[in-house]
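Hi everyone, thanks for coming. I'd like to walk you through one structure today, so let's put it up on the screen.

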Amino acid sequence: MQRCDYLLSQLDVLEAESIHIFREVAAEFERPVLLFSGGKDSIVMLRLAQKAFWPAPIPFPVMHVDTGHNFPEVMEYRDRRVAELGVRLVVASVQDAIDSGRVVEQKGRRASRNRLQITPLLDAIEEHGFDAAFGGARRDEEKARAKERVVSFRDEFGQWDPKNQRPELWNLFNTRITQGEHVRVFPLSNWTELDIWDYVRREELELPPIYFAHTRRVFERDGLLLDAETGFANRGDDEPEFEASVRYRTVGDASCTGAVKSNAATLEEVIAEIAATRITERGQTRADDRTSEAAMEDRKKEGYF
Amino acid sequence: MASTIEPAESASAKTMDLLRFATAGSVDDGKSTLIGRLLFDSKSIFEDQLESVEKTSVDRGEEYTNLALLTDGLRAEREQGITIDVAYRYFATPRRKFIIADTPGHIQYTRNMVTGASTADLAIILVDARKGILEQSRRHAFLTTLLQVPHLVVAINKMDLVDYDQAVYERIVDEFTAFASKLEVTDLTFIPISALHGDNVVERSVNMPWYDGSSLLHHLEHVHIASDRNLIDVRFPVQYVIRPHASTDPELHDYRGYAGQVAGGVLKPGDEVVHLPSGLTTTITHIDGPNGPVDEAYAPMSVTLRLADDIDISRGDMIARPHNRPEAAQDLDAMVCWMTPDRVLTPRTKLVIKHTTRTAKALVKDLHYRLDVNTLHRDDQAEGLGLNEIGRISLRVTQPLFVDDYNRNRLTGGFILIDEATNNTVGAGMITGAR
């Protein structure tokens, strides 16, 4: 921190704002939970939560909505990180929801469990009585998310009403809800993708290895490079697989998250590539946002992250 | 701090700071074009975003690429071609990171502009050079000063359409300056631009050699904001009490820290402080920042204070200096902006007030006047405030709040009002007096 002129760097200001949000929510809600996917944003979020309550432990559990279509490296990372921090892990399983008939698996080659996450997520929030769920979404990611509040109200059906949101002024957040409702809280609202990477570097945060260039068998579909190793992306016979040096820019469901061709094996190299890229991270790597111009807004209204 | 959380020295050489600014104006003023240009020239618009916007523009038969589609993120906004809500956009130059709160300019969205201005360091008001100062320009200037945005830029746009004429520019400057003298404007800058052609947006324009000021981006990069915070009056609203309860670690066993975000002043270990409401004085022994102990704390840092004496302190309390305290008040005078269509604010209305980290109940004692935001005329016969209306009220609060006048400190002078029945945020207030 610079001290001479009372100036703070942009990362210090963002960090202070996020910590303020964590403390405010921990103080005003009974049962918060932090949504943790093992991706870079939730990893940064977890670090900020750790700082907000230090030297006390993080005063809420973390929840992973498990599509069953995971990259093994990410699951290994998740379990290790959770053990290091000593936080309780709650898993909301899409597979369980399918097995019990609460959701129906999509059919066809492009079947994805992305949208199926909504039901187990809302069920788990209800079952555990969570009244606030921290999510790692950022406003710079996507245009519907750009309209999102920091503390965002969800009705008793878990729905988001983007046209009827609570104004947020200064650093004051309205945290009032009634039984059965909850809020989603986005401590990283004002962070950009580059801020996240700068913070990962500054804090020397470990990331799952798939964020760095590695050799992987992949195939091409709709302009995305999908993984051919886990088998979750339902590669067809007309979709030849090949080996490439790739890294992941986002980490999501393996069935719809694309890789980026890259030789960037170190953090510095990855940051240099991201600073130079001319394509957004979701545009480059997410099939789930491509179905329509309002795909994210529609999912969010139903209760998506 | 514990070894697991030891941060590295930033490998990044850059020490960017952060400027939040609000823009007010309608599509007609070229606001979207201006924002589009700032984003485009700073390489913050990505190819896939631009392609998507171009495609939608073509699909709708629009003649030009409608950059408003970049920020109008909701289906309803795109369908109706309007901006409903504050949109936040981000860009950075090597000097600064910028957060734009892009707010719609029409009077029916006054609450959105108030919201966007509440956190802004700077506001840009766009004026069409052909039309001069309009009613809405005056309204935007008034709201900017009501919310005490420290820096105001009047961007006189579409200079290309008036042949880059200095006389047109000077006339608008004179007219605006005369009007602004009635407002509390602390820092006012005029910049003649053409957002469409890029004159004076990023680079100085060759078309206006008579203008010797800086380009808009240069101004945004260099405007001095460090002094905008209150570094005089120590204000630390207690947000959360940290007690590890770690019986295994004797060092942590007695740890008791008071966490919060500094709202004013500079705190240092060794400082004598007073706790409110008790009035007891004690001394700061340690200040724990996010990366370990710090030797001073100031806004907007989030820190944890440890104190020499065992005082009963909880969330909603305030820490200040013994000889510089906020007012402990249950009677407040304030300017309020009413933000709900569901009900009207009238005397006897009961609400919940949230001020710093303290929440209480409040009763509207009096509505002194409703302000016409276009003419600044005060209507003291008004019986209530409807959506987007602004007026001066008196409130009675059930327990003391520790307040300053809003023009002294935005964080200890601002509050929100919540409807107990719907839990919606229905008003925003700026304190002008307290007893």
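Let's start with a pair of residues: Ala132(A) sits opposite Val183(A), which belongs to S6(A). Please keep in mind that this is a predicted model. The strands around that pair are S4 (residues 132-134) and S6 (residues 182-185) of chain A, and they run parallel to each other, joined over three bridges.

Now zoom out a little. Which order do the strands of this open sheet follow? In chain A, the six strands are arranged S3-S2-S1-S4-S6-S5, and their pairing is mixed. At the edges you'll find strand S3 (89-93) and strand S5 (151-154) of chain A; each has a single partner strand, so one side of each has no neighbour in the sheet. From one strand to the next, the twist averages 30 degrees.

Over to chain B, and to one residue there. Arg96(B) is part of strand S3 of chain B, residues 96-104. Is Arg96(B) buried, exposed or partly exposed? It has 18 other C-beta atoms within 10 Å, and since 20 or more would make a residue buried and 12 or fewer exposed, Arg96(B) counts as partly exposed. Its contacts farther along the sequence include Met16(B), Leu18(B) and Glu221(B). Glu221(B) is 125 residues away from Arg96(B) in sequence, yet their C-alpha atoms are 6.1 Å apart.

Last stop, the two chains together. Here 61 residues of chain B contact 58 residues of chain A. On the chain B side, helix H2 (residues 47-59) contributes the most, with four residues. Sorted by class, that side has 33 nonpolar, 16 polar and twelve charged residues.

How values were computed: Residues are numbered from 1 along each chain as its sequence is written. Chains are lettered from A and ligands numbered from 1 in the order in which they are written. This is a predicted model: local features need pLDDT of at least 70, side-chain atom pairs count only at pLDDT 80 or more; totals for chains, interfaces and linings use all residues. Two strands pair if DSSP finds at least two bridges between them. Helices (H or I, at least four residues) and strands (E, at least two) are DSSP runs, numbered from the N terminus. Axes are lines fitted to C-alpha atoms, for helices over the stretch in contact, and angles run from 0 to 180 degrees between N-to-C directions. Two residues are in contact if their C-beta atoms, placed from the backbone, lie within 7 Å. Ala, Val, Leu, Ile, Met, Phe, Trp, Tyr, Cys and Pro count as nonpolar, Asp, Glu, Lys and Arg as charged, and the others, Gly among them, as polar. Lists of a residue's contacts leave out its neighbours within four places in sequence.
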